[in-house]
Amino acid sequence: MNHRAAHDAGELRRERSWPLSSRPDLNLWRGNVTMTVRTRFAPSPTGYMHIGGMRTALFNWLWARHNGGTFILRIDDTDQQRNMDEALGPILRAFKWLGLTWDEGPEIGGPYAPYFQSQRGELYRAAADRLLREGKAYRCFETKEQIDEDRKLAEAEKRPYLSARRSLQLSESEIQKFLVEGRPHVIRFLVPRNQMVVIDDHIRGRVEWDAGLMADPVIMRGDGSPLYNFATVIDDTQMQITHVIRAEEHLSNTPTQVLLHQALGNTLPQFAHIPYVAAPGGKEKLSKRKLAQYRNNASFKKLCDKGDAVFTQIGLSGQAGLDPVMVEFYERVGFLPAGILNGLLRLGWSLDDKTEIFSLDDAVKLFTLDRVVKAPAGFDPDKMVSYQQHWMMQLPLAEKVAGCLPYLEKAGLIASPPTPENREFTARVIAALGDRIRLFSDVLDVAYFFRDEITYDEKEFAKRLAKEGVPALLAGYRDRIAALLDWTVENLEAALKSYCEEQSQSPGTLIHALRISTTGVPIGPGVYECVLLVGRERALTRMDQAVQRVSHQPLPPNP
RNA sequence: GGCCCCGUCGUCUAGUCAGGCCUAGGACACCGGAUUUUCGAUCCGAUAACAGGGGUUCGAAUCCCCUCGGGGUCACCA
């Protein structure tokens, strides 16, 4: 890509997008001071990092970096009682792997610590008390059964469900009595019903809701813990978040949050609701629970199968949830961060009508919210692989080797840790493989270079070796090169050509037979390179073996 | 069902706000061909889309209206 040109194009786009920011509600300028852009990604610690969530995180990160701002990681664990290391580990791991550094959050803290909602209870309680005092929230003693009944009734009458607000009728003394009794209750926000809620979303434009149609949301549970919609509002304001960039499924949470912000007297953050990442070939939200269904998609299945094959060899098979919906899958199967990042970026964002390849640095320079696409983007594994392929081809040999070595180690193909000889030999193999390596784990496809036993592709064996005259030809060539002292690509080739000429045979016949006999498969680097990598002793042995093998097999009828 | 969002090649997208430069451009996949006596990569080429219907206009993918379709969300989940 022409960086300069692309950059200029980006600048132009931004100029054109400025009118959006000239609206007072979206303006970054407050008085004379430019507010630093602050974005956040607030995952719930679930034990894995969803690829769609990663895309949302990337957009947040890019917007912060693009503006020289701050990216915050906050953990929304208001409803989690699980082991935090297990639940959060994979999420942080994904960020680290991709190089998406956070400026404030877990492990590093920051000026608005703590960054775990479970540790911020005081903040929420204080805010809830304030709303209670100001009559903007109320204690609701209604039972779940009662609420359910109201809901059903509303549905039956085909009208929107609205909170009955019976608890509002309670006198102060009754409330005190209930409280002393320890009667279970929640705190609900009193929705101001006679107003519209309006936001100017960076992606969607103006979106409106009628507050008169909204039920009073619970903001504090019976046990005194906050609900997501409430905690988010408190945290976003306290952490000075300027842009709330999140997936579209949160759009319906927005009116509640806006109302809460208003009740608290907060300055509204700007909103950007980006489309969710959809299932391959579909429009539904990509979900880890629908893997079986996604396997019907050819390219998704291809990726899954690749993963299965690799994980079996490196002892990761059966690991729960290691699938293409999770970021960790890509790391484990040998993708490059650059490939994933490029793919994620282009899933719902474009610069122009032709640029496809972006490094992270490019993306930081060029990313703007106005270029985010409105419609959900179906996840396309094939395209992900093609970005990966591009970035893998850019990678220097030494780094490719470093990336491949662990796969060979775990598969037991080389020593662990690798010996200098292992490293040197692997480098030769990777160099010969060239751009055939798309994923680091692809090196496992050439196990025949690393061990004595080989597996024949039977179909190819039958086609290329089990034919009249071929074994003899191969045996003859074997003896010819066995006598050759200096094995080089040139010498092996010259020997083959002259031998075939003497025997009045087409070189192709021998070339194919040679390849199958020494590697077992019909694909790979140049034949002579393969022979060299297999090594003198093993190559000669394998040729003998193949010739013998044919004599034990019935020859196909000669046409 | 209510509320909200979305609708351009199979897929990701450009073009829509400021109508003509669009007989709709690029990329991935697919199919052909060249090259490589393999595979891959590379190069060349082909197929392929404005959801539908009405308007407005000299002119509509673009503006207006209606219809249809898809999706999100409706919790003491996040």
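**View 1. Arg436 and a base oxygen of RNA strand B in the predicted model.** A polar side-chain atom of Arg436 lies 2.6 Å from a base oxygen of RNA strand B, in a model that is predicted. The contact of Gly508 also involves a base oxygen of RNA strand B, which is 2.5 Å from a polar atom of the Gly508 backbone.

**View 2. Gly378 and the phosphate of RNA strand B.** Here the protein partner is a backbone N or O atom of Gly378, which lies 2.7 Å from a phosphate oxygen of the RNA strand. The elements that contribute two or more residues to the surface near RNA strand B include strand E13 (377-378), helix H14 (381-394) and helix H20 (507-519), and helix H1 (3-21), helix H5 (144-156), strand E6 (186-189) and strand E8 (205-210) are also among them.

**View 3. The surroundings of RNA strand B.** There are 62 residues around RNA strand B, and of these Thr78, Arg221, Tyr276, Pro507 and Gly508 come nearest. On the RNA side, sugar and phosphate make up 70% of the atoms of strand B that come within 4 Å of the protein. Sorted by class, the protein surface near RNA strand B comprises 28 charged, 18 nonpolar and 16 polar residues.

**View 4. Gly434 in its loop.** Gly434 is found in the loop that runs between helix H16 (420-433) and helix H17 (458-464). Because its relative accessible area is 21%, Gly434 counts as partly exposed, a class that begins where buried, defined as under 20%, ends. Between Gly434 and Pro417, which are 17 residues apart in sequence, the distance from C-alpha to C-alpha is 24 Å.

Note on methods:
Residues numbered from 1 in each chain as written. Chains lettered and ligands numbered in written order. Predicted model: local features only at pLDDT ≥ 70, side-chain atom pairs only at ≥ 80, totals over all residues. Heavy atoms only, no water. Near = heavy atom within 4 Å. Polar contact = N/O pair within 3.5 Å; in protein donor to acceptor, adjacent residues only side chain to side chain. Helix = DSSP H or I, 4+ residues; strand = E, 2+ residues; numbered from the N terminus. Nonpolar A, V, L, I, M, F, W, Y, C, P; charged D, E, K, R; others polar. Buried < 20%, exposed > 50% of the residue type's maximum accessible area, 1.4 Å probe, protein only.
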